[in-house]
Amino acid sequence: MKTCDLVIIGGGPAGLAAAKAAYDCGVRDMIILEREAQLGGILNQCIHNGFGLHTFKEELTGPEYAQRYIDMVLERNIPYKLDSTVINIDKNRVVTYVNEEDGLQKVQAKAVILSCGCRERPRGAINIAGARVAGVYSAGTAQKLVNIDGFMPGKEVVILGSGDIGLIMARRMTFEGASVKAVVELMPYSSGLNRNIVQCLNDFNIPLKFSHTVVDIKGKDGRVSSVVIAQVDDKLKPIMETAEEIQCDTLLLSVGLLPENELAGYADVNLSPITGGAVVNDKMMTSVEGIFECGNVLHVHDLVDFVSEESEHAGKCAAEYIAKGCGSSEKIPVKGVNGVRYVVPQIINKDDDFEPISLKMRVGNVFKNVEVAVMLDGEKIASKKKQIVTPGEMETIVLKSDLVQKVKNGANVEVTLIGR
């Protein structure tokens, strides 16, 4: 068995940022394990712009953004292995991976960073009735077919779900000559960024139907021929009297992302039932000592810039753990209440350094003219007013060092909405 100070699982934007930060904090014995044939992760197929405004103060495409971090890794000579699939990790931080060059290999790590990203929810997870025919794709699969492989999935398209990938693919398919008949959203609000609704739908007169879903898929000669959509009631049940058939040859699904947390489960890491990611403390460490998590495997972000920021913090904290270890600590729980669906991190350790802590959160519905507030034992210690908060956009409140010190003298932190 080989040994290594730090193993980073995933060579996408999260893993690259974590590796760069760990190296800059003194870690030299590390390796990135990436299952794809190149570094960069999902960004390689995201050829649209809009990336990097926070991190690099300029607008980049996905591949350009990824290349910035790939260059940082190459400049530091950080080792990485491609086409390498991690098949197991245990709570003792033994990582098992396989590739053609090494065969089956085990690595004993002092610290592990999980930066595995997320996957799309498939048709089987949402139980759409109808024919099992060709022409049903996840939006990300269609994106890869168009942007990487040069194939068009179809010519007449309906998109179910208004997640960011679905919105972006509505525009992309239109650019490539397809007719996007409608974007259908189960909820009364979009799960994507408002800017994507404007730039990808409104600018191209593509209808967005809220409180609707697909209730049937019809096929002819083995291919989608039409889909039936219907309005849903306040319990999200279809109202069949409102059913409408739309002729199309392709259905794209943009119905949510799921963190790739099977490896965390193998290591007995505690997972959040809300985010699907690990429960972490302010140092991004999971319930298993020495195993850290960051990026979309922890919780789904709306901007890759925030992934990089969070992951650099995880890399720095992993380096600190490798150098100093961690002692036992009294834990302060952090919870989202009254409209705040979740908060990350979920735990603050009292014996950690008094550094600023970023609390990232999402709300459970659309709320207008509210105040997002951090409450310490019932006392408001930080807040910001928002004209509107939506589930599609992540909110952040940064607790500065003096507030963190105050928090560590308390017992309970809640993030809530005032005025909802």
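Q: In which strand does Val-98 lie?
A: In this predicted model, Val-98 lies in strand β5, which spans residues 94–99.

Q: Why is Val-98 called partly exposed?
A: The relative accessible area of Val-98 is 32%. Buried requires under 20% and exposed requires over 50%, with partly exposed in between. The value of 32% falls between these cut-offs, and Val-98 is therefore classed as partly exposed.

Q: What makes Val-98 eligible for a surface patch, and which residues form the patch with Val-98?
A: Patch members need over 30% relative accessible area, and nonpolar side chains are joined within 5 Å. Val-98, at 32%, therefore passes the area cut-off. The nonpolar patch consists of Ile-87, Val-98 and Leu-104, which together have about 250 Å² of accessible area.

Q: What makes β5 a mostly covered strand?
A: Of the 6 residues in β5, 5 are buried. Buried denotes a relative accessible area under 20%.

Q: How do you know that β4 and β5 pair, and in which sense?
A: Pairing requires at least two bridges between the strands. Strand β4 (residues 85–89) and β5 share 4 bridges, so the criterion is met, and the sense is antiparallel. One of the bridge partnerships links Ile-89 to Val-95 in β5. The two strands form a hairpin with 4 residues between them, and Arg-93 in the turn has a positive phi of about 70°.

Q: How do you know that β5 also pairs with β6?
A: The two strands are joined by 6 bridges and run antiparallel. Since at least two bridges are required, β5 and strand β6 (residues 103–114) count as paired. Val-94 has Gln-108 in β6 as its bridge partner, and a hairpin through 3 residues joins β5 to β6.

Q: Why are β8 and β11 called edge strands?
A: The open sheet of 5 strands has the order β8-β15-β9-β10-β11, with parallel pairing. Strands β8 (136–138) and β11 (208–209) each pair on one side only, and they are therefore its edge strands.

Q: How do you know that β9 and β15 are paired within this sheet?
A: Strand β9 (residues 156–160) and strand β15 (residues 250–253) run parallel and are joined by 4 bridges. The criterion of at least two bridges is therefore satisfied. Leu-252 in β15 is the bridge partner of Ile-159.

Q: What makes β12 and β14 the edges of the 3-stranded sheet?
A: The open sheet has the order β12-β13-β14, with antiparallel pairing. Its edge strands, β12 (212–220) and β14 (244–247), each pair on one side only. The twist averages 25° from one strand to the next. Strand β13 (residues 223–231) is joined to β14 by 4 bridges, with Val-227 opposite Ile-246 in β14.

Q: Why is Thr-286 called buried?
A: Thr-286 has a relative accessible area of 6%. Buried means under 20%, so Thr-286 qualifies. Thr-286 lies in the loop between α6 (262–266) and β17 (291–293). Its contacts include Val-269, Ala-278 and Phe-292.

Q: Why is Asn-369 called exposed, whereas Leu-236 is called partly exposed?
A: Asn-369 has a relative accessible area of 60%, which is over 50%, and is therefore exposed. Leu-236 has 34%, which lies between 20% and 50%, and is therefore partly exposed. Asn-369 is found in strand β22 (residues 367–376), and Leu-236 in the loop between β13 and β14. Phi is positive in each of these non-glycine residues, near 55° for Asn-369 and near 65° for Leu-236.

How values were computed. Residues are numbered from 1 along each chain as its sequence is written. This is a predicted model: local features need pLDDT of at least 70, side-chain atom pairs count only at pLDDT 80 or more; totals for chains, interfaces and linings use all residues. Side-chain values use heavy atoms; hydrogens and water are left out. Patches are made of residues with over 30% relative accessible area and no salt bridge: like charges are joined within 9 Å, nonpolar side chains (Val, Leu, Ile, Met, Phe, Trp, Tyr) within 5 Å. Accessible areas come from the Shrake-Rupley method with a 1.4 Å probe; for residues, only the protein chains shown count as cover. A salt bridge is a side-chain nitrogen of Lys or Arg within 4 Å of a carboxyl oxygen of Asp or Glu. Buried means under 20% relative accessible area, exposed over 50%, partly exposed in between (1.4 Å probe, protein chains only). Contact means heavy atoms within 4.5 Å. Axes are lines fitted to C-alpha atoms, for helices over the stretch in contact, and angles run from 0 to 180 degrees between N-to-C directions. Lists of a residue's contacts leave out its neighbours within four places in sequence.
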